[in-house]
Amino acid sequence: MRCTTATASSGTASAIQSAADTVYGAGGGTVRIPAGTFNLGGSVTIRSNVKLIGAGTDSTVLRTSGTSQVIRVQGDNTRLSGFSLISTNYDGGNGITVGNCADFRIDHLRIEGYSSQAAIYVRGGDARGVIDHNRIINKPASSLNYGVVVYGDDTWNPDPQLGTKYAVFIENNTFTNTRHAVASNAGAHYVFRYNLVQRGVAGQAVDAHGPYYGGKEGTRAFEVYGNVIEDPQSSGSERAICIRGGGGVIFDNTIRGYKYAVLFRIEDGQSGSYPLYHQPQEVYIWNNSYDGQYGVGYSSLNNTSSYIRENRDWFAHAMPGYTPYQYPHPLVSGNLVKRPNPN
């Protein structure tokens with residue numbers, strides 16, 4: 001593959017897109033966005049083998065308005081890094097959307113104000129890559145208000161593929177004011193590790209949907225470890241982690257200020273005989289630190305405790321044979337500090 005480098009004439013959508021098309025047409029390479037504060041004024045599509053790099057989050061600032069998708073990633077081997085993406089009305093839709101792409105990296109960005117939907121939205125059965133060292137800031141009270149959303153293609157893999165590269169990795173990020181720092185559905189598999197979540201709003205910081213609530217299959221697999229989740233904005237029945245579907249591992253997390261460290265729940269509208277379709281099963285929880293009332297609890301919704309039981313559906317010990325995937329992720333280079341500085 002031949003690589004080239006082009007510098008956009010400015011930080012507007014038309015200038016960035018022109019440079020990105022030139023680089024893509026040459027076989028791939030890097031698009032540089034110059035320093036400055038710019039009104040993006042449209043959307044940008046990044047295709048395979050193109051890397052979009054700014055001069056740093058304090059130097060390259062792209063401002064948007066409205067609720068449309070802003071940057072679309074539609075190809076393998078891509079990277080977005082080194083700029084701020086800010087919704088001026090704090091009501092933007094999805095800041096960045098990623099299609100069914102492999103080996104994508106989104107890193108060292110400041111993404112602020114995409115509160116009506118998500119800062120980063122990933123969808124596809126074969127989507128895999130890493131989202132790392134970003135700062136995501138949402139409006140304190142909003143609608144969906146997600147940090148990262150991971151959706152599959154609504155198929156169910158009989159093998160959860162825990163500890164493998166076949167997942168969307170979310171590591172070393174800081175989330176502030178999000179309703180869910182991560183949410184998933186439709187057969188998704190995500191790894192959420194070494195993140196800092198602060199000032200969460202109205203519900204769980206880490207979420208795994210069950211079936212029929214935005215996706216037929218629900219979440220397939222999750223790996224949640226090494227995170228600090230603290231200081232939710234409201235009081236009552238807050239849960240740091242809420243599992244509504246799928247299976248996976250939850251370990252080595254530090255949780256402060258939440259009533260529940262982990263809450264199990266049967267998804268809205270589910271009923272019938274055990275086991276329910278794709279309900280939480282084969283979940284292993286161990287070595288978490290918390291200061292709330294419950295380590296593991298059960299929602300009262302849909303008689304959850306009769307469907308999800310310890311030593312049958314979840315286990316308070318390490319998962320036999322499980323080994324986490326390589327850290328840092330192979331797409332990440334350099335010596336990294338596990339937890340980002342919130343300041």
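The exercises below, each with a worked solution, walk through a predicted model.

Residues are numbered from 1 along each chain as its sequence is written. In this predicted model, local features need pLDDT of at least 70 and side-chain atom pairs count only at pLDDT 80 or more, while totals for chains, interfaces and linings use all residues, and side-chain values use heavy atoms, with hydrogens and water left out.

**Exercise 1. The twelve-stranded sheet**

Work out in which order the 12 strands of the open sheet are arranged, and which strands stand at its edges.

Solution. Begin with the elements themselves: strands are DSSP runs of E with at least two residues, and helices are runs of H or I with at least four, numbered from the N terminus. Next comes the pairing rule, by which two strands pair if DSSP finds at least two bridges between them. Applied here, the order reads β1-β2-β5-β8-β11-β14-β17-β20-β23-β26-β29-β32, with parallel pairing. The edges are β1 (4–7) and β32 (314–315), each of which has a single partner strand, so one side of each is left without a neighbour in the sheet. At the β1 end, β1 pairs with β2 (residues 29–32) in the parallel sense over four bridges, and Thr4 has Gly29 in β2 as its bridge partner.

**Exercise 2. The ten-stranded sheet**

Carry out the corresponding analysis for the open sheet of 10 strands, and find the bridge partner of Arg135.

Solution. The strand order is β3-β6-β9-β12-β15-β18-β21-β24-β27-β30, and the pairing is parallel. At the edges stand β3 (36–39) and β30 (289–290); each has a single partner strand, and therefore one side of each lacks a neighbour in the sheet. Within the order, β15 (residues 135–137) and β18 (residues 174–176) pair in the parallel sense over three bridges, and the bridge partner of Arg135 in β18 is Thr174.

**Exercise 3. Aromatic pairs**

Count the aromatic pairs, then classify the pair Tyr260 and Tyr294 and the pair Phe264 and Trp314.

Solution. Rings of Phe, Tyr and Trp (its six-membered ring) pair if their centres lie within 6.5 Å; planes under 30 degrees apart count as stacked, over 60 as edge-to-face and the rest as tilted. The count by this rule is 13 aromatic pairs. Tyr260 and Tyr294 are stacked, at 4.9 Å centre to centre with 15° between the planes. This pair links distant parts of the chain, with Tyr260 in β28 (residues 260–264) and Tyr294 in β31 (residues 294–298), 34 residues apart. To judge accessibility, take buried as under 20% relative accessible area, exposed as over 50% and partly exposed as in between (1.4 Å probe, protein chains only). Tyr260, at 12% relative accessibility, is therefore buried, whereas Tyr294, at 32%, is partly exposed. For Phe264 and Trp314, the ring centres are 6.0 Å apart and the planes stand at 35°, so the pair is tilted. Phe264 in β28 and Trp314 in β32 also link distant parts of the chain, 50 residues apart, and both Phe264 and Trp314 are buried. Finally, Tyr194, Tyr225, Phe251, Trp286, Tyr322 and Tyr327 form one aromatic cluster.

**Exercise 4. Backbone exceptions**

Locate the cis peptide bonds from Tyr274 to Pro275 and from Tyr327 to Pro328, and place Ala186 and Asp252, which have positive phi.

Solution. As background, most residues other than glycine have a negative phi, and most peptide bonds are trans. The bond from Tyr274 to Pro275 is cis, with omega near -10°, and Pro275 sits in the loop between β28 and β29 (283–286). The bond from Tyr327 to Pro328 is also cis, with omega near -10°, and Pro328 belongs to the segment after β32. Ala186 has a phi near 60° and lies in the loop between β19 (180–185) and β20 (189–193); its relative accessible area is 0%, so Ala186 is buried. Asp252 likewise has a phi near 60° and lies in the loop between β26 (247–251) and β27 (254–256), but at 33% relative accessibility Asp252 counts as partly exposed.

**Exercise 5. Cysteines**

Determine how many disulfides the model holds, and whether Cys101 and Cys242 are buried or exposed.

Solution. A disulfide is taken as a pair of cysteine sulfur atoms within 2.5 Å, and by this rule the count is zero. Cys101, at 3% relative accessibility, is buried, and Cys242, at 0%, is buried too.
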